[in-house]
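Me: Could you take a close look at the aromatic rings in this one and talk me through what sits around them? I'm in my first year, so please spell out the cut-offs as you go.

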Amino acid sequence: MKASYVSMLKENIGVEMKGKIQGFGSWLNGKVIEISDEGDIVMQFTVREEMLNPMGNIHGGAISAIIDEILGFQLFLQSEENAAYVSMTMNIDFLKGATAGDTIKAIPKVNRIGRKTAHVSCQLFVGEKIMALGSSNFMRVI
């Protein structure tokens, strides 16, 4: 587990991640809303206009990006100090839409960390309703 990151995230609960992390995750601009001492996180993301499809609902690619971000972040927090992983597969069930201004709550779970692979899953909620279910297999590269 990455104790120093867990500690930093605890100090920044509710703070937007834009500018605090690198790359695409910064654009998604999620907020950690809960984190345990073991590194179990719950994040939320606000649906913005640029995340919508032409019908005014969140684009499937935006949902996929949120799932990929939360799964990788959870695995990062709970893996060994020098471990690094890349996604091998990702499966998503799209169950409900969302529109601009909606808040998505993401709850990930590390199911297994092996020597060479890991499996992580998550649930996305809009309000009390499940919006999407996702899971991914990761390959350890370091």
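Reply: Let's start with a charge and a ring: the charged end of Lys2 sits over the ring of Phe76, 4.5 Å from the ring's centre. "Over a ring" is used when NZ of Lys or CZ of Arg is within 6 Å of the ring centre and within 35 degrees of the ring normal. Before going on, keep in mind that this is a predicted model, where local features need pLDDT of at least 70 and side-chain atom pairs count only at pLDDT 80 or more, while totals for chains, interfaces and linings use all residues. Residues are numbered from 1 along each chain as its sequence is written, and side-chain values use heavy atoms, with hydrogens and water left out.

Now the rings themselves. There are two aromatic pairs in the structure. Rings of Phe, Tyr and Trp (its six-membered ring) pair if their centres lie within 6.5 Å; planes under 30 degrees apart are stacked, over 60 edge-to-face, and the rest tilted.

One pair brings us back to Phe76: with Tyr5 it makes an edge-to-face pair, 4.9 Å centre to centre and with 80° between the planes. This pair links distant parts of the chain, as Tyr5 belongs to helix H1 (residues 3-11) and Phe76 to helix H3 (residues 60-78), 71 residues apart. Helices here are DSSP runs (H or I, at least four residues), and strands are too (E, at least two), numbered from the N terminus.

How open are these two rings' residues? Tyr5 has 39% relative accessibility, so it counts as partly exposed, and Phe76 is partly exposed as well, at 29%. Buried would be under 20% relative accessible area and exposed over 50%, with partly exposed in between (1.4 Å probe, protein chains only).

The other pair is Phe24 with Trp27: their ring centres are 5.5 Å apart and their planes at 20°, so this pair is stacked. Both residues lie in helix H2 (residues 24-28), three residues apart, which is about one turn of the helix. Trp27 is partly exposed, with a relative accessible area of 32%. Trp27 has a charge over its ring, too: the charged end of Arg48 sits there, 4.5 Å from the centre.

One last stop, back in helix H1, is Glu11. With a relative accessible area of 65%, Glu11 is exposed. From Glu11 to Ser135 is 124 residues in sequence and 28 Å in space, C-alpha to C-alpha.
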